Amino acid sequence: MESLPRGAYNTEPGRSASHEIRPLAGVPICVIGGGFVGLVAAAGFVQFGHTVVCVEKDRDKLEQLRSGSVPFYEKDLDSLFRDAQRTGRLTFSGDLDEAVKDQRAIFIAVGTPPADSGRADLGALGEVTEILARVLDSSQIVVLKSTVPVGTGARVRRLLEERAGTDKVASVINNPEFLREGNAVHDFFHPPRIVIGGDRHEAVEFVSHIYRLGMTHPVPIVVTNNETAELIKYASNAFLATKIGFINELSGLCDLAGVNILEVARAIGMDPRIGSEFLNPGPGWGGSCLRKDLLELSGLADSHGYELMIGRSVLEANLRHQEYVVARISKLVGGLRGSRIAVLGLSFKADTSDMRDSAAIPVVRHLLQAGAEVIAFDPKAMPEAPHYLPEVPLAADAYEAARDADCVVILTEWQEFQLLDLRRIAETMRHPNMMDARNLLTPELAARYGINYASMGQA
Ligand code: UGA
């Protein structure tokens, strides 16, 4: 498909151009940042019919992308990436100044990790904005896909205005991302909603149509102002953390009360006011976003002299829950000192190699501090593991990890752990104990193989 020359829109008859601006065909887009969000968006937009240049400043990653490989594991991204490359409409660049020329929309997808203060570090965004302020003009639209604190869109707009003058300034839109790692490709093509925040109607419409052009089914588009779009993102992640934290805490009570949390979760989830998703107890929520976004939200509240009591409790409860998992393991093996623990699963959830803020990190550290010997295995996160847990030896597979162990601990819900040959595992362990922190198996199944089994609230 030919890319659209700048300024070529369709305006519907009888409507003013300011109300209906529709790209007729593929739009030239620049995506800044070749990480998980940027790359999924870049390849996804190409599938929508757009032409995309993706800017990545890390030279090694750029070379990998140019040579046709994705530098990290994300389910289904390899094939989406290959399909996008085959169209000839996905290219990569290390030169931001050059790459944004003639692009209609510039999607910023750089990281905003927590700084030491707990608030979002906007260093990468600042660098990008400085460059954009020099080179953009008023026909271009800056789209903030990165998760950014409330007020950032307005600050970016002010910076552009200072450099370019109010009449020539590009529009600034907030289009927060709700992709889940491990499901990002699916989520990109099947979003429950798309949020677009901005103060210029034409720009909001243009970004809406970038999505509408490719969606094969109707998707609600929430149009709002920049600040609201920014807060929606934080509120979403904070609420998800609260929901998981709640079910995790309840699983501990179920352990004591002899009630099965899975039945409780299923029944409460049938109420549409509660909803059935994100009610799976685990070893504690993790990943690069939930904690970071709760901290930022709390920081925002503090800056207004307002206390987010629920947000703070959710953070604290998650730490306590990780300790609870360790206490359960200790109970199973009759004291951790001198025990050998096989940890299965290091990534913060299945179908990703990402270990950022994974519950496996604090759980393993607690085990080591208590004097246990730990050996670990993960289907995809092994290359990451030495960075986060350098002291932990890695096994070639789950069976090697389990050999001579006093307890197998499942921390990530990889499907292959559900399919383990439990007879083989039990036979080679020193003591056949298992802490299934993801409820992948059932007490009945474990009992069949003589495994002394503990789980999260599956009484
Ligand atoms: C989260 C949000 O779900 C996305 O909508 C958002 O786009 C993303 O953050 C982001 O801001 O970039 P993600 O971090 O990929 O996505 O992970 P989730 O699927 O939300 O899971 C978070 C953690 O909760 C994981 O450790 C997961 O194992 C755990 N979890 C999730 C449970 O323990 N139980 C559940 O029922 C669901």
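**Notebook: the ligand site and a parallel sheet**

I began with the ligand and found one of its oxygen atoms 2.6 Å from a polar backbone atom of Glu181. I note at the outset that this is a predicted model.

I then looked up which side chains place polar atoms beside the ligand. For Lys349, I recorded a polar side-chain atom 2.7 Å from a ligand oxygen atom. For Asn237, the corresponding entry is 2.8 Å, again from a polar side-chain atom to an oxygen atom of the ligand.

I next checked how far the protein covers the ligand: on its own the ligand has 700 Å² of accessible area, and the protein covers 93% of it.

I listed the surroundings and counted 19 residues around the ligand. Those that come nearest are Leu179, Glu181, Lys233, Asn280 and Lys349. By character, I sorted the shell into 10 nonpolar, six charged and three polar residues. I also asked which element gives the largest share of this shell. It is helix α9, residues 226-257, with four residues.

I turned to the sheet. I noted five strands in an open sheet with parallel pairing, in the order β10-β9-β11-β12-β13. Why is one side of β10 and of β13 left without a neighbour in the sheet? β10 (373-377) and β13 (452-455) stand at the edges and have a single partner strand each, so one side of each has no neighbour there. I entered an average twist of 20° from one strand to the next.

Within the sheet, I followed β11 (residues 407-410) and β12 (residues 433-436), which run parallel and are joined by three bridges. I found Val409 bridged to Met435 in β12.

Finally, I examined helix α12 (residues 309-333), which packs on the sheet and touches β9 (340-344), β11, β12 and β13. I recorded an angle of about 165° between the directions of α12 and β12.

Conventions. Residues numbered from 1 in each chain as written. Predicted model: local features only at pLDDT ≥ 70, side-chain atom pairs only at ≥ 80, totals over all residues. Heavy atoms only, no water. Near = heavy atom within 4 Å. Polar contact = N/O pair within 3.5 Å; in protein donor to acceptor, adjacent residues only side chain to side chain. Areas by Shrake-Rupley, 256 points an atom, 1.4 Å probe, with all protein chains shown as cover. Helix = DSSP H or I, 4+ residues; strand = E, 2+ residues; numbered from the N terminus. Nonpolar A, V, L, I, M, F, W, Y, C, P; charged D, E, K, R; others polar. Pairing = 2+ DSSP bridges. Axes fitted to C-alpha atoms, helices over the stretch in contact; angles between N-to-C directions. Contact = heavy atoms within 4.5 Å.
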